Amino acid sequence: MAKRPTIAFAASDVEIAQTAARALAERYGAVAPGEADVIVALGGDGFMLQTLHDTERRGVPVYGMNRGTIGFLMNAYSEDGLIERLANAEEAVINPLAMRAVQVDGSVHEALAINEVSLLRAGPQAAKLRITVDSKLRMAELVCDGALIATPAGSTAYNYSAHGPILPIGADVLALTAMAAFRPRRWRGALLPKTARIRFDVLEPDKRPVMADADSRSVRNVLSVEVRSEPQVQHRILFDPGHGLEERLIREQFA
């Protein structure tokens, strides 16, 4: 007989998530996150991303149950049959993006992003960006509201809202998507290999300030931003059978 997993419950601050965590812990028992075989996250997609970031160096799988709004990364909530659901769950393994942002004053900030790294104009005027891929200049000047690099897991989030492509979870590509491109007119972006190293240089940073964001971790007044996939970090996400991340990404394209 398989060993029953030890479970840690993590919940967002909303009352419905906190109530669910208390009920599940009472029913199934709970341990501290550092002692758990699996973490059950209760909340929405934002809290799921937070939980994945909090556990990114541990490699412990995370099973989410939706106590938020959309819940794209979450499973349906139920107090019943949790042990069986965990035993039968399908696992998706994803690598985050590594961002290295240099501010105008020379300060350097690094962060990991599961969904996307985005550059956004931080003033009334459009941003001017220069794009280099693997040390080769690809676009001397992009005038836009912003641009982002999205992983397959994040391709249905901000990237999709910006008219970027949805990427299959197993695709070894990243989506480079522009937001409201003015020059080149209506340029939407490009598909890049997962191994690509992308660099954005901000042109006219004083006149046209730009901020960088890695899964809501923001850096203002950036001068340059480098983005690459980080294969050394693996996020393990558990889904109920037939409702895995690959199926969700395909289904989203027919919604």
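How much area does the protein expose, and what share of it do carbon and sulfur atoms supply? I looked this up and found about 12400 Å² exposed, with 49% supplied by carbon and sulfur atoms; the areas come from the Shrake-Rupley method with a 1.4 Å probe.

I note that this is a predicted model, where local features need pLDDT of at least 70, side-chain atom pairs count only at pLDDT 80 or more, and totals for chains, interfaces and linings use all residues. Residues are numbered from 1 along each chain as its sequence is written, and side-chain values use heavy atoms, without hydrogens and water.

Next I looked up the overall form. The radius of gyration, taken over C-alpha atoms, is 20 Å, which agrees with the value near 18 Å for a compact globule of 255 residues; the rule for that globule is 2.2 Å times the number of residues to the power 0.38. The C-alpha atoms fill a box of roughly 60 × 40 × 30 Å along the principal axes.

I then checked burial. Of the 255 residues, 52% are buried, meaning under 20% relative accessible area (1.4 Å probe, protein chains only).

Last, I checked contacts (heavy atoms within 4.5 Å). Among contacts with a separation of 6 or more, 66% join residues 24 or more positions apart.

I also counted secondary structure and found five helices and 17 strands. These are DSSP runs, numbered from the N terminus: helices are H or I with at least four residues, and strands are E with at least two.

How values were computed. Buried < 20%, exposed > 50% of the residue type's maximum accessible area, 1.4 Å probe, protein only.
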